[in-house]
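Student: Could we go through this model together? I would like to see how each label follows from its definition.

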Amino acid sequence: MELRQLRYFVAVAEELHFRRAAERLFISTPTLSQQIRAVEREVGGPLLIRGNQGVELTAAGEVLLKAARGVLEAADTALRDTRAIAQPETAVFRLGVVNGAPSWLPARIEGMLRARQPGARVVLMGGPSADQVRLLDREEVDLAVLRMPVRLPDHLSLTPVAEEELGIVMSRKNDLAGLEAIEAAHLRGRELILFARDSAPELHDSMLAQLRDRGATVALSDSAMSHAQMLSLLPLRPDAVGLGSTRTAEMPGLVWRPLLPRPLVITYVAACRAAARNPVLHSVTDALAGGSRLSP
């Protein structure tokens, strides 16, 4: 049985009408009927019940329809993935990047993709963790860089790739800015500006829990905003603090100080669909899983 014949059968089974199926396939009705009878001879029994108003599927036809759809989908996927490797100039990798990730991290992963498939085009798509998970789930990105902890559907897999220390970010006018390090006791009652919980609920709760575990009893601000917005607001709010990496020390009007006695450490992961068929994508995730954590 040929793939062409399976496509003919699926068209008839979906249209339940030979003429409409023939028009959909751009062939003549007699040719289509002849090919369906050839399939029935090969399987050894009727697949369709023909009537004046159209056709109905037999029990055997129902079984073949389900199987044929799977075979055709697998064939189309195999052809698409093979073309992506054989014609690298047409290959596109969609890399999701969580907001606020260090720029060197997606750049390193992008370099790994390009090294395995020169000529491929890498498209970056930013957004909060919740959006990145939805993009992965809908197959709108191939790989996503996320911060842990994050809740993933069972069909998504993750590989830890890097760690980053978080410290206290504040205005240069903050009364704590003159200290070389910030102890948990210094933060008692301080307003903490953090991102909105619904954008990354697991990470939001984890950060607050880590602060509490260190004895830092902060007051969560009503001003929930993105990381970039927080960095813009802090110079105007000398009594408030935020959480950020050492990169934020380069921002005008801000200072960064380590948190004592233990820093906050967040883990970045590369997440993808466990059943993804792209061999280049698997090559990258295997390399990430087998190697040490990435660093600048």
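**Fold and spread**

Tutor: Gladly! The protein has nine helices and 13 strands, where helices (H or I, at least four residues) and strands (E, at least two) are DSSP runs numbered from the N terminus. This is a predicted model, in which local features need pLDDT of at least 70, side-chain atom pairs count only at pLDDT 80 or more, and totals for chains, interfaces and linings use all residues. Residues are numbered from 1 along each chain as its sequence is written, and side-chain values use heavy atoms, leaving out hydrogens and water.

Student: What makes the protein more spread out than a compact globule?

Tutor: Its radius of gyration is 28 Å, well over the 19 Å that the globule rule gives for 296 residues, so the protein is more spread out than a compact globule. That radius is taken over C-alpha atoms, and the rule is 2.2 Å times the number of residues to the power 0.38. The C-alpha atoms fill a box of roughly 85 × 40 × 30 Å along the principal axes.

Student: Why is Leu136 called buried?

Tutor: Buried means under 20% relative accessible area (exposed is over 50%, partly exposed in between; 1.4 Å probe, protein chains only). Leu136 has 0%, so it is buried. Buried residues make up 44% of the 296 residues in the protein.

Student: Where is Leu136 found, and which residues does Leu136 contact beyond its neighbours within four places in sequence?

Tutor: Leu136 is found in helix α6 (residues 129-137). Beyond those neighbours, its contacts (heavy atoms within 4.5 Å) include Val141, Leu156 and Cys272.
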